[in-house]
Amino acid sequence: MKTLFPVAVVVAAIFALWYVFAVVLNAPWAYSKADRAGVELSFSEMVSDTMAQEKPRLPAPHQVGAEIWKTTVEKKITSKRSLIYHGWITLRATLLGFAFGTGLGVLLAVSIVYFRVMDMSVMPWIIASQTVPILAIAPMIVVVLAALQVNDIVAKGVISMYLSFFPVVVGMVKGLRSPDRMLLDQMKTYSSSASQTFWKLRLPSSTPYLFASLKVGVAASLIGAVVAELSLSQNGGLGARLLAGSYYGQTIQIWSALLSAATLAALMVFTMGLLEKVTLKRMGMAQ
Amino acid sequence: MSWILGSLIFWAVAIVLNIRLSRSDVAGKGVAVPVIFGLTILVLWEGMVRGFEVSPVLLPPPSAIFTTFFAKMDVLWVDLVQTFFKGALTGYVIGCGSAILIAIAVDRSPFLQRGLLPVGNFIAALPIVGLAPIMVMWFGFDWHSKAAVVVAMVFFPVLVNTVQGLQATDAMSRDLMRTYATGYSGTLMKLRLPAAMPFIFNGLKIATTLALIGAIVAEFFGSPIKGMGFRISTEVGRLSLDMVWAEIVVAAILGSGFYGLVALLEKRMTFWHPSQRG
């Protein structure tokens, strides 16, 4: 409750700003239309015109809302114009990449924690790999993978994987190293083997770190999938909708694709948060 | 065949060497081990591509990439100026600057802070690169639209980090400033901004990569006939992958260099912080 009201106010302010910008940005076109028709526009007429243009510079929120409603609820899911259809294509690639990214991240983290060579030789390169603007080379990776006859969902997933493995590696390395000397010594006094220490101490205590990274990773892998779809757009997806919208100047379509991507990201992060809550509670780690 | 065998032997030798090195206590092994690892990957790449005769359309060997890199230096430089200095850097400065200023403005109202933090955190996780086509429509094909995308991308991570950083002082230090009869601006300049520096730099470091990504991806939606994103997308179409990889080398050097520069600045300015003293 303490944060709910301020958040609502900030969100309302963002929408209000959006409307103001919509009026300001669309006004020139409204005036030039009126000029050609030879009519004088009053202020209120101008405002109502800026809210309902067909290809506005900035569509008003309710226009985008109406478009999203039209393309999700009123269209059949199998239709190529349905945002649910495109969202599903993006979601599949995202989840595939996310699953592989998480798996790779956990494996790398375990080997980094247990093998000194890995820690010394691979870790610097993993960190360096994130300063490389990988999204920029997404088109090349996608095209090369497509040329190798790889399924295009896999090709998009590779980009998602690259973006999502890093937070997992960093978080898991931190998490697996989080048990202190005392706890590790205690495992020793129980004469537990290395694998028992791993399964019963290190892995459980890394869970909170894992979930924190998963929330970052899932958002990153959606971004990867959307950008990959810019170069692999023939089979649809939210990125393909963005690209098509930008080719034909369909601003409302661009914004609705953008907002659905945002909703998808929010839903996935929320799901991860829920999973985190349930898991930590079952493990008795919830604060 | 000799290429494959040679690179495999090199690999085996490098592994043994690295294991030995990491167990010993030779000075400078912290640099040597990762360098050997990187070299091994390059040698393996070269050997495998030559040994299996992979088509250069799929994966050019490192040697071909470096030849192109040095031969096309002039083109790469023009692209770099267009994308980095005009697009990314302008956007980075405007975006980070305005984010920090707005965070300081918001700081006076705890109500706005509580509202902005969750919203900002949420927006920072969204695929903002998607704004690129809209920005290209609004600001035209030249670097202005790229700078605008970069502003939108870096703004929220920096804002959230700065707002968090400004909250990082403890009550004890603030009370101390009070006993010195320091006003709001004095407390801000002498206590809270310095204390926020580690957070702000965290945001600035995240923003370096985002800025490059934004500037390059925005060029996919339309650009003048120069720029790294433009070059990458057209050269992929022409199947001259060695040129694409040369651009990637530039992007990698640029990305690490930019990040390194900000990290260096951080080291200079937050030398007092425990994470820097280690």
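The exercises below work through a predicted model of two chains, A and B.

Residues are numbered from 1 along each chain as its sequence is written, and chains are lettered from A in the order in which they are written. In this predicted model local features need pLDDT of at least 70 and side-chain atom pairs count only at pLDDT 80 or more, while totals for chains, interfaces and linings use all residues.

**Exercise 1. Describe the fold and overall form of chain A.**

Step 1. Count the elements, where helices (H or I, at least four residues) and strands (E, at least two) are DSSP runs numbered from the N terminus. Chain A has eleven helices and zero strands.

Step 2. Compare the radius of gyration, taken over C-alpha atoms, with the globule rule, 2.2 Å times the number of residues to the power 0.38. For the 287 residues of chain A the rule gives 19 Å, but the radius of gyration is 24 Å, so chain A is more spread out than a compact globule.

Step 3. Add the box: along the principal axes, the C-alpha atoms of chain A fill roughly 90 × 55 × 35 Å.

Step 4. Locate the domains, whose bounds come from an automatic or database domain assignment. Chain A is given domain 1 (4–58) and domain 2 (83–282), with C-alpha centres 39 Å apart.

**Exercise 2. Characterise the side of chain A that touches chain B.**

Step 1. Count contacts, meaning pairs of residues whose C-beta atoms, placed from the backbone, lie within 7 Å. Here 45 residues of chain A are in contact with 46 residues of chain B.

Step 2. Assign them to elements. Helices of chain A that each supply at least two residues to this side include helix 1 (4–37), helix 5 (116–129) and helix 11 (251–282).

Step 3. Sort by class: Ala, Val, Leu, Ile, Met, Phe, Trp, Tyr, Cys and Pro count as nonpolar, Asp, Glu, Lys and Arg as charged, and the others, Gly among them, as polar. The side of chain A that touches chain B has 35 nonpolar, seven polar and three charged residues.

Step 4. Note the confidence: the predictor gives the complex an ipTM of 0.78 and a pTM of 0.83.

**Exercise 3. Trace the largest nonpolar core.**

Step 1. Define the core: a set of buried Ala, Val, Leu, Ile, Met, Phe, Trp, Tyr and Cys residues joined through C-beta atoms within 7 Å. Buried means 20 or more other C-beta atoms within 10 Å of a residue's own, exposed 12 or fewer, and partly exposed in between, with C-beta atoms placed from the backbone.

Step 2. Find the best-connected members. The largest core has 136 residues, and Ala136(A), Leu222(A) and Val217(B) are among those that touch the most other members. Helix 7 (residues 143–166) of chain B gives the most to this core, with 16 residues.

Step 3. Follow one member. Leaving out residues up to four places away in sequence, Val217(B) touches Leu135(A), Ala136(A), Val227(A), Val129(B), Ala132(B) and Gly229(B).

**Exercise 4. Examine the residues with positive phi.**

Step 1. Ser191(A) is not a glycine, yet its phi is about 50°. Ser191(A) sits in the loop between helix 8 (181–189) and helix 9 (194–231) of chain A and is exposed, with 7 C-beta neighbours inside 10 Å.

Step 2. Glu53(B), also not a glycine, has a positive phi of about 50°. The loop between helix 2 (29–51) and helix 3 (62–71) of chain B holds Glu53(B), which is exposed, with 8 other C-beta atoms within 10 Å.

Step 3. Ala181(B) takes a positive phi of about 60° just after helix 8 of chain B. The number of buried residues among the nine of that helix (residues 171–179) is zero, so helix 8 of chain B lies largely in the open.

Definitions and conventions:
Two residues are in contact if their C-beta atoms, placed from the backbone, lie within 7 Å.
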